[in-house]
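This report concerns the charged pairs and the nonpolar packing of a single structure. The sequence and structure are shown first.

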Amino acid sequence: MEKTRWYKDMVFYQIWPRSFKDGNGDGMGDLWGVYEKLDYLKELGIDGIWFSPIYPSPGADCGYDISDYMDIAPEFGGMEAFRKVLDGVHRRGMKLIMDLVVNHTSDEHEWFQKSRQRIDPYTDYYIWRPAKADGSLPNNWDSNFEGKAWTYDEVRGEYYLHLFAVKQPDLNMDNPLVREEVKKILRFWLDMGVDGFREDVITYISKKEGLPDDHLFPIYKGMPNYNHGPHIHEYLAEFKRDVLDHYDCMTLAEAPLVSPKLALRYIDEETGQMDMMIQFQCQCADCLFTDYLPTPFFLPRLKRAFTSWQQGLEGRAWNMLYLENHDHPRIVTRYGSEEFWSESAKMLAVSYLFQKGTPFVYQGQELGMTNWRPERADMYRDVQTLWQYTHSALNKTEEQRLKRLWRSSRDGARSPVQWSSEENAGFTTGEPWMAVNPNYKRINAADQEKDPASVLNFYRRAIALRKRLSAVRHGDYREYFPLSPDVYVYAREDERQKLLVICSFAKKTLALPVPEGFDIDSGRLVLLNYPKAKKHFLQPYEARVYLWEK
Ligand code: NOJ
């Protein structure tokens, strides 16, 4: 089947369903709620939706612990509501991709229940090991969420590996039967009309033979022994050859710790096995690898991440562009400023929407939602956050522990979408499963609809502009002033157009940075996040896009 690579002309939106919109009043987001908002997404300029998991799940990791891959959870509306949404999406000319989570399942999945009892063919579906001769754990790996990566199972009398929560046992992808199961899942959804997959920590699925101890990494011990493991490309190529090649679909690989060079092994358009990649480097301008090791925000790091991916994939692979998702605190709070809230939210939009690639907008980002900071630790829901609270920073005061979570918890970006200034931000008529951010009276979609200068209307304009400009789709990328800690300046150029994008990340007024060879006065200012631009100065968090038609 010929691949049309339709995703290249699109802007995607990520729905994290629990907190998007509740349609039945039970306090949790669902597919009925999504259905109500399809026109809202269309008007924003969205062409495709990525759903974080909506399958049946005990919810230990908010759906990333799946107990049935071929169904939709009843609390989200079941298969009936899903088919309605899928149809509604396609009728509006949009695409829909699902989250494929096959590094691990839920421990409540039937496969695991049978595997722990050694019932064939499931006996080797997971990674089971006895204790070492001295009684210690099978190896020294850490889980990404809660303590060590091994838990003892009484029924089986062995340890199982879980790189994430205790309730997320890792599948044994070396077992061909497990790979057949993955293919069945892929076919099931593609045959139903789904357009592709975002593949959860897909670079973790092949573990080094013998599962050796790791003496390299101080935290996340074990990662070098399972990230980009020995058979990863072989397995991905098998999925491609046997299933994905037979559909005009798109795949997006989630890949912690990856460089553009390494990414090409996965997504080179000639030789790769997938289409795009979610890299983490753009999330590391204010932390070291994880949000739990914060550092002050440093713009040159963000720019290096942006530019190295723009240049590194040029002509060979396609970028996935994003600033927010459900795994990191909100970007306005981190890279922008709550003080210059509206200006910085809009500037951040400009900073990435005009790069080359397919942009993704995370729910609420288009409203400039800020980080949620609950008053008490027990208001958090996320397994990783709760573990961090109980097991780290124990010698700190309650206030210090809470502040740490405010800064680092991914729940900061998971509070319900703020639809209106009505009770519970218009998210639900029931009791919300997670508290809404109290600033919803000030930041919400209904008010922003009415205000032409709102963040929401700015996103609409920026996305519409992006789609009109051929230079954004095809043009070269060039960055200026890469070492500046205050401004991000880049140009895009094709045979018809030239664009100059100027973004200030500073709280103060700056001299307008104009790269050599650009005559600003001859260009058309096609996007600006202030009512008026000053001739020689950039206002705090100002963003401008200039256009020259050739
Ligand atoms: C990455 C997902 O984005 C995250 O939310 C999840 O907790 C882990 N993978 C485990 O599935």
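In this predicted model, Asp378 is exposed, at 52% relative accessible area. The partner of Asp378 in a salt bridge is Arg376, with 2.9 Å between the closest N and O atoms; Arg376 is partly exposed, at 44%.

The structure holds 50 salt bridges in total. Three of them, including the pair just described, are listed below.

| Acidic residue | Basic residue | N to O distance |
|---|---|---|
| Asp142 | Lys148 | 2.8 Å |
| Asp268 | Arg316 | 2.8 Å |
| Asp378 | Arg376 | 2.9 Å |

The Asp268–Arg316 pair joins the loop between α7 (260-267) and β9 (276-278) to the loop between α8 (299-313) and β12 (320-321), and therefore ties together parts that are 48 residues apart in sequence. Asp268 is buried, with 6% relative accessibility, whereas Arg316 is partly exposed at 43%. In the other buried case, Asp142 has 15% relative accessibility, and its partner Lys148 is partly exposed at 35%. A network of salt bridges also links Arg179, Glu180, Lys183, Glu238, Arg241 and Asp242.

Turning to nonpolar packing, the largest core comprises 152 residues, of which Leu31, Phe82, Met98, Trp189 and Phe354 touch the most other members. Helix α10 (residues 341-353) supplies the largest share of this core, eight residues. Domain 1 (9-104 + 176-371 + 439-460) and domain 2 (472-549) each contribute at least three residues to this core. Apart from it lies another core of 17 residues, including Ile127, Leu161, Phe164 and Val201.

Beyond its neighbours within four places in sequence, Trp189 is in contact with residues including Tyr55, Met79, Phe82, Met98 and Phe197.

Terms used
Residues are numbered from 1 along each chain as its sequence is written. This is a predicted model: local features need pLDDT of at least 70, side-chain atom pairs count only at pLDDT 80 or more; totals for chains, interfaces and linings use all residues. Side-chain values use heavy atoms; hydrogens and water are left out. A nonpolar core is a set of buried Ala, Val, Leu, Ile, Met, Phe, Trp, Tyr and Cys residues joined through side-chain atoms within 4.5 Å. Buried means under 20% relative accessible area, exposed over 50%, partly exposed in between (1.4 Å probe, protein chains only). Helices (H or I, at least four residues) and strands (E, at least two) are DSSP runs, numbered from the N terminus. Domain bounds come from an automatic or database domain assignment. Contact means heavy atoms within 4.5 Å. A salt bridge is a side-chain nitrogen of Lys or Arg within 4 Å of a carboxyl oxygen of Asp or Glu.
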